[in-house]
Amino acid sequence: ELERKILECEIAKLRGVVDGIHIDETGIFSVAHARALGFDGLAEEFLPVLLRELGRVDARVIFVDTGPEISWERRKGIYVDRGFSFVEMEKARAKIDRTYTELMRLYEDLPFEKVIIENNSGDLEEFKGKIEKTINQILK
């Protein structure tokens, strides 16, 4: 039910875009998260609608590629603070790996102008520079 509501919200946000620039942090990538959680049917139900809406607004996609190793290192402390057991930690790590696989699969299949920005160095200023350069190129 929660995954359905998330996907419905993504569609509603896109339907509200009439003209101009709309930046959405998750957007169509919510489909990959649903797949990673095992909601394949739900993901496939919403994917065509999201693709249609993105096509309607002439979407361009910027994918921030943070590898699973980096994601795990950034999140591991949160799980430790929450008191996760070893088994729970392994499940959380596996979910990160599944999610990354689904994100990359979806990115490859997107029929829009798209670009990947690598985010594995940990250098915030370098990352900000990449984002700014990419956005400026897309807006030209």
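Are F63 and Y107 buried or exposed? Both F63 and Y107 are buried. The model shown here is predicted.

## Overall layout

The protein has 140 residues, and 35% of them count as buried. Its secondary structure comes to six helices and two strands. Along the sequence, the pattern runs α-α-α-β-α-α-β-α. The C-alpha atoms fill a box of roughly 50 × 40 × 25 Å, taken along the principal axes.

Now consider how the chain meets itself. Take the contacts between residues at least 6 apart in sequence. Of these contacts, 72% join residues at least 24 apart.

## Helix α1

Helix α1 has 14 residues. From its first C-alpha to its last, α1 reaches 20 Å, close to the 20 Å expected at 1.5 Å a residue. Five names make up the buried set of α1: E3, L7, E10, I11 and L14. These residues cover an arc of only 95 degrees around the axis, so they sit on the same side of α1. A general rule helps here. An α-helix has 3.6 residues a turn, so residues three or four places apart point the same way.

What do the buried residues of α1 pack against? Their partners are α2 and α3. L7 gives a close-up view. Leaving aside neighbours within four places in sequence, L7 is in contact with S30, V31, A34, L42, F46 and L50.

K13 also belongs to helix α1. K13 has a relative accessible area of 34%, so it counts as partly exposed. Along the chain, K13 and L110 are 97 residues apart, and their C-alpha atoms are separated by 19 Å.

## Helix α3

Helix α3 covers residues 40-56, which makes 17 residues. Its reach from first C-alpha to last is 24 Å, close to the 24 Å expected at 1.5 Å a residue. Where does α3 bend? The bend is at F46 and comes to about 30 degrees. A proline, P48, follows within four residues.

The buried residues of α3 are L42, A43, F46, L47, V49, L50, E53 and L54. They pack against α1 (2-15), α2 (30-36) and α5 (86-109).

G55 lies in α3 too. Its relative accessibility is 41%, so G55 counts as partly exposed. G55 and V115 are 60 residues apart in sequence, and 16 Å separates them in space, C-alpha to C-alpha.

## The loop after α3

D58 sits in the loop between α3 and β1. Its phi is near 55 degrees. That is a positive value in a residue other than glycine.

## Nonpolar cores

The largest nonpolar core has 24 residues. Which residues have the most contacts inside this core? They are L7, I28, F29, V31, L50, L106 and L110. The elements that give two or more residues to the core are α1, α2, α3, β1 (60-65) and α5. Of these, α3 gives the most, with seven residues.

A second, separate core has five residues. Among them are W72, Y79, M89 and I96.

## Aromatic pairs

How many aromatic pairs does the structure hold? The count is four. One of the pairs is F63 with Y107, and it is tilted. The ring centres lie 5.5 Å apart, with 35 degrees between the planes. This pair links distant parts of the chain. F63 is in strand β1 and Y107 is in helix α5, 44 residues apart.

The opening question returns here: F63 and Y107 are both buried. W72 and Y79 form another aromatic pair, and this one is stacked. Their centres are 5.8 Å apart, and the planes differ by 25 degrees. Why do W72 and Y79 count as buried? Buried means under 20% relative accessible area. W72 is at 9%, so it is buried. Y79 is at 12%, so it counts as buried as well.

There is also an aromatic cluster. F29, F63 and Y107 form it together. F29 appears again among the residues with the most contacts inside the largest nonpolar core.

Notes. Residues numbered from 1 in each chain as written. Predicted model: local features only at pLDDT ≥ 70, side-chain atom pairs only at ≥ 80, totals over all residues. Heavy atoms only, no water. Expected span 1.5 Å × (residues − 1). Bend = angle between axes of the 7 residues up to and from the residue. Buried < 20%, exposed > 50% of the residue type's maximum accessible area, 1.4 Å probe, protein only. Contact = heavy atoms within 4.5 Å. Core = buried A, V, L, I, M, F, W, Y, C linked by side-chain atoms within 4.5 Å. Arc of directions from axis to C-beta. Phe/Tyr/Trp six-rings, centres within 6.5 Å; stacked < 30°, edge-to-face > 60°.
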